[in-house]
Structures are given as C-alpha cells and as structure tokens.
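Biologist: Please take a close look at the empty space in this model and at what surrounds it. I would like one connected account that I can follow on the screen, with the neighbouring parts brought in where they help.

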Amino acid sequence: MSSVSIAARRESVLLPLFLLIITTIYLATALQITPQFDEGLVGPSFVPVLASLLMYLALFFVFRDALKAPKPALETLESASEGEAETEAEEKPSLAAPIKIVCVTGLYIAVFKTVGYPIATFLYVYALLYLFKLENARQVRRIIYSAIITGVFYVLFAVIFQVRLPLLEGLLP
Amino acid sequence: MNFIVEILGGFSALASPEVLAYMIVGFLIGTFFGSVPGLTSVLAIALLLPITYSLDVVPALVMCASIFMSGMYAGSITATTINIPGAPSSMMTSIEGYALMKKGKGANALGHAALGSMIGGVVGALLLIALTPVAAKVSLLIQTPGKFSLILFALVVIVISQRDAIAKGMVATLLGIMIATIGIDVMQPIARFNFGTETLVEGIDMMPLIIGTFAISEILYQAYQRHDPITIDADTRNLAAIRRRDFLPSWHEIREIGLFTYLKSALIGYFIGILPGAGGSMAAFVSYAEAMRKSKKPKEYGKGSREGIAAAESANNSMCGGAFVPMLMFGIPGDPTTAIVLGVLVINGLQPGPRLLDTQLDLIAPMFASLLISALILIPLTLFLLGPYFVKIVSIRKALLYSCIAVVALVGSYVATYSPFQMMLALVFGILAFFLRKQKYPTVTLLLGFILGPDLEQYLRRALSLNDGNPITFVTSPDSLFFLALTAIFFYFMVIRAPKTPKA
C-alpha cells in the first residue's frame, strides 16, 4: 500500500478515535452528575448518557466504513511514474499551512488585549498574507495591505459600530 | 387584518434610509460571497452575527434576509461563467449555464438564472407571508410530547439527508448535542460538564461555534487545499464587453420555458425548504429532475437548457421562503442560514414560536419584505448594473479575502463579550470543524444538533416527567404519533428504499 493511502486510512481512523475518547470522558462525567432533586430516570444525566451511547453506535459504523474502504489496486500504484509522484507531492494538500495559521491565530488571541487591536491585527494580517503567499517578493505591498485591512476594520468596528477595541491596554501604565 | 397591516408596515420599514441601506449592503455582500467559489452566504451571515450585537434587530434581520436571497442567486454567476458553482445549490445551473457560456450565450444564461431566481424568490416570499399564520395556528396544537417528536423528526431527517455519510452525520449531530449540554441543565439549576471552570458554567455561546465552524474552518480548509488561482479564459473575459441588454431573456425563450415550469419549481423549492436539513441543493436538484422529466426538449438538458436553469434557480431561491417557516414557528431551522438567523433572533431576545406573530410581528415583517424586495427588485437590478463585472469577482486575491475574513471573525467573536475566551473558543471549534470537514463529516449537522439539542432534551424530560417516566405518551399523543410516523416514513424512503448511487 502506498504511503498516501496508509496516511489517508490512518487519518480516517484517528478522528473517530479522538471522538471515542472524548465521548468516554463525557460519559464518565455524565455518570457523576448529581441532580439537585430527583427526577427519576430522566435526570440531568439522562440525555448525555443517551447521546454517548448513540455516539458509540455511530462511531462503530464510522470505524467499520473506514476499515472496509477499498485498498488501492497494486498495479495502479506501480504504474504511477516518478514524474506524476512529484507533481502529486507538489499539489497535494498539506497540513503545514493550517497548523501555521492556527499557531499565528492563537498568538493573535493571546496578545490581542495586551498589545491592542492596531498592532496585533496589523501583525496578524501580515502573517496571514505571508502564509497565503500574497506577493511574497514584495514586502512593502504586504505591509500596505496589512495596514489598509487593519484600518478598514477598525473603522467598521470602532467607528461605525462603536465597539470598544483594546488599544495598548496592557502596555500603557 | 392586523397581520396584513403589520406586513405592510414591514414594507414601509424598508423605506427608512438606514434599513434600506442595510438591505442593499446585505444584498451586495451576499452577491459577493455567493459568487466567489469557496465563500457562501452562510459564511457571510456567520460573519454578520457578531455585528448584530451592535445593530437593531430590524436592520439585522433585513440584512440577513437579503444576504440569504442574494447568496442563493449569486451561486449561478460563477456556475455559468467559469463552471464552478459559487454555492452548492447552483450545481445544476453550472451544467446548463456553462454549456450556454461555451456557445457564447453566457449573458443570456445569467439572465435566465436571474429571472428564475426572481420568480422563485418572489413566490417563496409570498408563500412565507401567506402560510406563516397557518403554520402558527398549527404549531399551537402541538403539545410537549409532540414538540419532542417534531425535533426528533427534524434531527433524523437532517442526518439521513447526508446520504453517503449517515453515520458521520449522526456523529456530527450528536457532537453538537453534546456541546449544547455544557453549562446549566435545562431543568435543574446545576452546572454540567464545566470541569471545574467558571467560564463553562454558562455554557457554550452559539456565536463562537458558528464563527469557528463556518469562518475559521473555511480559512484553515482553504490553506490546506492550496488552490491555484482561478484562471479566466478569453471567452469569459469577453463577458465584460457585452451589452447590458444581452442579459434580458427573450419573450420567446420565456414562453418556451412556460410559467408553469417556474411556478412548479418554485413550489417544489418552497416545500423542500420547509424540510429540515434539505436546503437549496436538494431543491434545485429535485425541480431540475422534474423539469427534465416533463420537458418537451429533454435532449437539450446537459447541452445548455434554459428550462433547466429556470427550474433549478426558481427552486433554490424559493427555498429561502420555505426555510423560514419551521425556524420562525417551531425554532427548527431548515438550513444553516436560517440556523444563524435563529441566532440573531435569540441574541435580540426574540423567541421563535406562534407568539412571535402576535407580539413581535413588527420586527419580523421587515424581514419578510426584505426577502420579497431582494428577489423582485435587487436580483434583476444587480444583474443589469453589475452583470458585466461579475467575472472580475473571481479575480480577487484569496489571500486578501481570507485575511479580511479572519479579522472579522476573530474581532467579531471578541465584540460579543469583550473576552478573548470567545475568540479562543471560535479557534477551537474552527480546528474541530476543519478536521470534520477534512474527513467529510457534515458540519452543518453539528450546528443543527447544537441548536436543537437543548429543546430536544427539555421536551423529552418534561414529557417523561409528566407521565411518570412512561414513554408510551409519545405514542398516545396524536401530534407526537404523527411526527413519529412521519419520521418512520422518511426513514423508509430515504434510507431503506433509497435509490442506489450508480457505481463508476
């Protein structure tokens, strides 16, 4: 089996596995809920327990479908030339960019209140434009675009909708 | 009589310059988001949601309605010009529209799409206005066990509509229900699943879930896919050079399609819109198939049939009116857009249900009017004024677009509570939705499970508590039995006797 198909199959099992763990934690927590007054069977933990059991059932079908998925034919794999493989590698979707965006976004959220909207947003937009490969050769344009986007949305939120956005709150005395 | 006066009042509310401006801006936003492949009107309304905190309820709802209508229509623009449907509901239009485009009749195809959308949208809005009071009276007859069975019916239909991914649909729906159980219990004053943190005691707000599921996940998904920029060929570029009158369909062509086709497709679209989870794609597909079945020229289908465009576009725009009925009367959204509109209602303190018409019709009527005016006036007007520039929409650089979306989504999340915690939640839900989308789990069902979960739990527990825990009440109550029977019928025809998908 090619590395691509192995990775695809692994991914199709990893997510339900993650959900299985989450459901188990959820069910364990649901069973520990203590009602304030007795409602019989249908207390505060009734629907969470029911939802967990149904989730197990649904995940069983998802696992079954993932494991039953047809394996790619051997000759198809062998016929793929090296050139095709290279092209595929170039165009193949990659998790690298989403991971970088998540990191940058997490950082933006972390400093948003401290650094303030203008600086945090300017840097965030700049980073996104870089990650989305906008005019990578032209730094100045990217800086200008970042400033414009930051300014436009400042006007939209702070001026038009009169929302109080943080402005260097954490840095000013 | 009072109802008619209030509806007319809704139209007069649109005469206010502020409300009118919001309707037009909403329409243009919807047109833009609907026509750019990868962006949808759902995303547009999701981004609007935080802004509604700073808006009055009337402009917010008017804007939502015009975004919904224009987004549904605008999917036909790129479907016709570059063979990439701007919205999934324009899949059928792309088959016929692009075929006409290749014959040099792209403007004519866009004209027919706009006319079909206009007629469908108007019929849908009129039916919504006419049938909402009837739906309100019917909803008063439904008691607690019936309400549970109705929500169960909605959730089952939403899940089984996923066709090839029913198990995944069920997982996503249950995940939504589970997320909705976080916070204070629906019947008792105790916190559940807060894991000792105070921030989770109040539960998960709808807004970070919507922003995360539809905006953040979209940005991550686009980054993941690494799409090449869309290239526009010379023929398509020539669309900018055509005269505006080329957009007008000829009287002969309209007569050939026939008023009956428009009306029948609009009715199909409207009633499919009422079904939970069905949406514009199913409306367009069913009416397209029906138009082809009854067509005098079935061989034209697939090669540029104007009738096919008219049927598909009439149906998907008429669906907009239908989707509002269950949302307004039962709090059950027919599709993701109305699910977010429901969020706008809830944020503004409006509770869906029959009493909405008695007490707050003055706030809802302008939204009905906006749907009608958007379809009747703004669709043809937009085509006439902006039609030659439609092609240029797809040339906008995605990097700029997604950076703007990210800022609106995150700052919008902050705006709701002035807390970065909401932004972080939006990011967490965005990551979750990204992986769900990547593995082809329907994220729409996650949202609908989240919205319907609390009501489902409340009515289930209330009905059982009133009957000493005896579930027989769901069968002995006629309204409940009706919805359970309906669920069984839908399950039978959509799952057990579902038409087999031909294998390649």
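**The enclosed space and its surroundings**

Modeller: Two helices, H5 of chain A (96-115) and H9 of chain B (206-225), each supply at least two residues of the lining of the largest cavity. Please keep in mind throughout that this is a predicted model. A probe the size of a water molecule, rolled over the atoms, shows where empty space is left. With a threshold of 30 Å³ or more, the count comes to one cavity, and the volume of the largest cavity is about 30 Å³. Its lining consists of Ile101(A), Thr105(A) and Tyr124(A) from one chain, with Ile216(B), Ile219(B), Leu220(B) and Ala406(B) from the other. The greatest share comes from H9(B), which gives three residues. By class, the lining of this cavity holds six nonpolar residues and one polar residue, with no charged residue.

From that cavity we can turn to open space, in this case the second largest pocket, which has a volume of about 1,200 Å³. Its lining has 37 residues, and those closest to its centre are Val159(B), Ile166(B), Ala167(B), Lys168(B) and Met170(B). Several elements give two or more residues to this lining: from chain A they are helix H1 (3-31) and helix H2 (46-68), and from chain B they are H7, helix H8 (166-180), helix H21 (443-466) and H23. Of these, H2(A) gives the most, with 11 residues. The lining of the second largest pocket is made up of 28 nonpolar, three polar and six charged residues.

A useful residue to select in H2 of chain A is Leu54(A). Beyond its neighbours within four places in sequence, Leu54(A) is in contact with Met170(B) and Leu174(B), and Met170(B) is also one of the residues closest to the centre of the second largest pocket. Leu54(A) counts as partly exposed because its relative accessibility is 35%.

H7 and H23 of chain B, named above for the pocket lining, also meet each other. The axis of H7(B), residues 144-160, comes within 7 Å of the axis of H23(B), residues 478-496, and the two cross at roughly 10 degrees. Angles under 35 degrees count as roughly parallel, so H7(B) is roughly parallel to H23(B). On the H7(B) side, the residues in this contact are Pro145(B), Gly146(B), Ser149(B), Leu150(B), Leu152(B), Phe153(B), Val156(B), Val157(B) and Ile160(B). Their partners in H23(B) are Asp479(B), Ser480(B), Phe483(B), Leu484(B), Leu486(B), Thr487(B), Phe490(B), Phe491(B), Met494(B) and Val495(B). Sorted by class, the residues of this contact are 14 nonpolar, four polar and one charged.

H9(B), which gives the most to the cavity lining, is also one end of a loop that deserves a look at its backbone. Most residues other than glycine have a negative phi. Phe193(B), however, is not a glycine and has a positive phi of about 55 degrees, and its place is the loop between strand S2 (191-192) and H9 of chain B. Phe195(B), which lies in the loop between S2 and H9 of chain B, likewise has a positive phi, near 50 degrees. Their accessibilities set them apart: at 4% relative accessibility Phe193(B) counts as buried, whereas Phe195(B), at 52%, counts as exposed.

Two further residues of chain B help to place these details in the chain. Thr338(B), in helix H15 (residues 336-347), has 0% relative accessibility and therefore counts as buried. Setting aside residues up to four places away in sequence, Thr338(B) touches Phe68(B), Ala323(B), Phe324(B), Met327(B) and Pro333(B). Leu140(B), by contrast, is found in helix H6 (residues 106-141) and counts as exposed, because its relative accessibility is 60%. Leu140(B) is separated from Met329(B) by 189 residues in sequence, yet their C-alpha atoms are 9.3 Å apart.

As for the chains themselves, chain B contains 23 helices and two strands, and buried residues account for 63% of its 504 residues. Chain A has seven helices and zero strands, with 35% of its 173 residues buried. Among contacts between residues at least 6 apart in sequence, the share joining residues at least 24 apart is 79% in chain B and 61% in chain A.

Terms used. Residues numbered from 1 in each chain as written. Chains lettered and ligands numbered in written order. Predicted model: local features only at pLDDT ≥ 70, side-chain atom pairs only at ≥ 80, totals over all residues. Heavy atoms only, no water. 1 Å grid on protein atoms, 1.4 Å probe; cavity = no way out; pocket = protein on both sides within 12 Å on 5 of 7 lines; lining within 4 Å. Points joined across faces, edges and corners; volume = space filled by probe spheres on them. Helix = DSSP H or I, 4+ residues; strand = E, 2+ residues; numbered from the N terminus. Nonpolar A, V, L, I, M, F, W, Y, C, P; charged D, E, K, R; others polar. Axes fitted to C-alpha atoms, helices over the stretch in contact; angles between N-to-C directions. Parallel < 35°, antiparallel > 145°, perpendicular 65-115°, else oblique. Contact = heavy atoms within 4.5 Å. Buried < 20%, exposed > 50% of the residue type's maximum accessible area, 1.4 Å probe, protein only.
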